[in-house]
Amino acid sequence: MTLDQLRIFVAVAERQHVTHAAEALNVAQSAASHAIASLEDRHQTKLFNRIGRNIELTDAGQAFLKEARAVLATVEAAELALMEFSDLKRGVLSVRASHTIANYWLPRHLAAFRRAYPQIEIRASIGNTAQVATAVEDRETELGFVEAAIHSEQLTSTTVARDQIIVVVAPDHELLKRKPLSPTDLMEVEWVLRERGSGTRAVFEDALVEFGLDARALRIALELPSNEAVRAAVEAGLGAAAISASVAAPSLEAGLLQQVNFRLPEREFYVLTHRDRHPSRAARAFLATLTAAGSRKTRAPA
């Protein structure tokens with residue numbers, strides 16, 4: 001079994017398509033097919049089911065995928081260890097972030113890091129909070145940025161920023177007519193929320209519990225997988241939503257949404273790292289830029 005075979009297997013598994021995987025790895029399709037066939041023949045185990053032109057992982061393939069990813073992550077860590085001696089002239093910064101952070105907070109910090117260290121390769125990906133935590137636990141990424149506290153024996157969690165969650169509705173929504181607004185009023189209207197596993201949703205549901213409410217009793221009209229989809233649904237009048245003020249800002253300015261006068265607690269943004277993984281020099285440098293940016297932001301004017 002070779003590392004090239006593992007890389008090809010993972011690429012095919014993630015794309016569920018041999019040709020697309022071969023193109024991504026810049027290898028011939030015949031070479032990719034041969035690598036998969038060699039793995040299956042050597043171990044007398046089918047890794048994929050072929051259904052017409054489509055393929056899908058077998059149970060054995062699912063189990064093997066997790067191990068293959070772990071091996072490749074270890075190899076990458078070994079390569080990065082050698083790059084550490086190059087004084088940040090080479091290396092990789094691997095980050096995964098939840099949707100709100102990836103779309104509204106992280107880009108400017110990655111841009112600043114890129115300007116400071118132009119030779120460092122940046123690999124960024126997006127998932128919800130639960131997916132980000134899993135990626136760090138499985139060592140698929142080095143730094144994870146999430147919007148809710150994560151409790152894991154494998155991870156360390158450090159606050160890097162703060163964010164405000166607000167309740168927004170369409171301009172003609174009934175919540176705007178209720179003054180004063182009580183927590184129980186929130187239970188009487190329909191909601192558009194992010195999917196379970198989302199940090200935004202977790203913070204909102206935790207806040208409801210603090211108000212003595214049962215989050216399970218919320219009248220959920222729609223669950224959507226992105227902040228932008230939630231915002232658009234609320235603009236269309238499908239219900240209320242609890243989203244980041246940064247996400248809502250364009251629609252509030254355009255008059256497409258209005259903020260409900262109901263105060264939710266601030267939430268923290270966290271960076272997750274693996275307890276047993278020595279941080280790369282690139283990761284340490286990026287975290288240092290975040291610390292410096294935070295210091296500049298909170299420093300009082302002279």
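Which residues lie nearest the centre of the largest pocket? In this predicted model, they are Glu 14, Leu 72, Glu 76, Arg 123 and Glu 140. I will start with that pocket, then go to the cavity, the aromatic pairs and a few backbone points.

The largest pocket has a volume of about 820 Å³, and 28 residues line it. Two or more lining residues come from each of α1, α2 (18-25), α4 (59-83), β3 (92-97) and β4 (121-126). Of the elements, α4 gives the most, with eight residues. By class, the lining of this pocket divides into 13 nonpolar, 12 charged and three polar residues.

Next, the cavity. How many cavities of 30 Å³ or more are there? The count comes to one. The largest cavity has a volume of about 40 Å³. Its lining is made up of Val 192, Leu 193, Arg 194, Thr 200, Arg 201, Phe 204, Val 230, Ala 242 and Ile 243. The elements that give two or more residues to this lining are β7, α7 (199-210) and β9 (241-244). Six of the lining residues are nonpolar, one is polar and two are charged.

One of the residues lining the cavity is Arg 194, and I want to stay with Arg 194 for a moment. Arg 194 sits in strand β7. Is Arg 194 buried or exposed? Its relative accessibility is 4%, so Arg 194 counts as buried. As for partners, the side chain of Arg 194 makes a polar contact of 2.9 Å with the side chain of Glu 195. A polar contact of 3.1 Å joins the side chain of Arg 194 to that of Asn 227. Leaving aside residues up to four places away in sequence, Arg 194 touches His 99, Asn 128, Arg 201, Glu 223, Leu 224, Pro 225, Ser 226, Asn 227 and Val 230. Asn 227 is thus in the list of contacts and is also a polar partner of Arg 194. Two residues in that list, Arg 201 and Val 230, also line the cavity.

Now the aromatic residues. A pair of aromatic rings is described by the distance of the centres and the angle of the planes. The structure holds nine such pairs, and I will go through two of them.

In one pair, the rings of Phe 9 and Phe 48 have their centres 5.6 Å apart. The planes of these two rings are at 55°, so the pair is tilted. What does this pair tie together? Phe 9 lies in helix α1 (residues 3-15) and Phe 48 in strand β1 (residues 48-51), so the pair ties together parts that are 39 residues apart in sequence. Phe 9 is buried, with a relative accessible area of 0%, and Phe 48 is buried as well, at 2%.

In the other pair, Trp 105 and Phe 269 are edge-to-face, at 6.0 Å centre to centre and with 70° between the planes. Trp 105 belongs to helix α5 (residues 99-116) and Phe 269 to strand β11 (residues 266-274), so this pair ties together parts that are 164 residues apart in sequence. Trp 105 counts as buried at 8% relative accessibility, and Phe 269 is buried at 4%. Both residues belong to one aromatic cluster, in which Phe 113, Tyr 117, Phe 145 and Phe 286 are also found.

Last, the backbone. Most residues other than glycine have a negative phi, and most peptide bonds are trans. Three places here go the other way.

Where is the cis peptide bond? The bond from Lys 179 to Pro 180 is cis, with omega near -5°. Pro 180 is in the loop between β6 (155-169) and β7 (190-194).

The second place is Gln 44, which has a positive phi of about 50° although it is not a glycine. Gln 44 lies in the loop between α3 (29-43) and β1. With a relative accessible area of 69%, Gln 44 is exposed.

The third is Arg 139, where phi is near 65°, again a positive value in a residue other than glycine. Arg 139 is in the loop between α6 (129-137) and β5 (143-146). Arg 139 counts as partly exposed, at 33% relative accessibility.

That is the end of my notes.

Notes
Residues numbered from 1 in each chain as written. Predicted model: local features only at pLDDT ≥ 70, side-chain atom pairs only at ≥ 80, totals over all residues. Heavy atoms only, no water. Phe/Tyr/Trp six-rings, centres within 6.5 Å; stacked < 30°, edge-to-face > 60°. Helix = DSSP H or I, 4+ residues; strand = E, 2+ residues; numbered from the N terminus. Buried < 20%, exposed > 50% of the residue type's maximum accessible area, 1.4 Å probe, protein only. 1 Å grid on protein atoms, 1.4 Å probe; cavity = no way out; pocket = protein on both sides within 12 Å on 5 of 7 lines; lining within 4 Å. Points joined across faces, edges and corners; volume = space filled by probe spheres on them. Nonpolar A, V, L, I, M, F, W, Y, C, P; charged D, E, K, R; others polar. Polar contact = N/O pair within 3.5 Å; in protein donor to acceptor, adjacent residues only side chain to side chain. Contact = heavy atoms within 4.5 Å.
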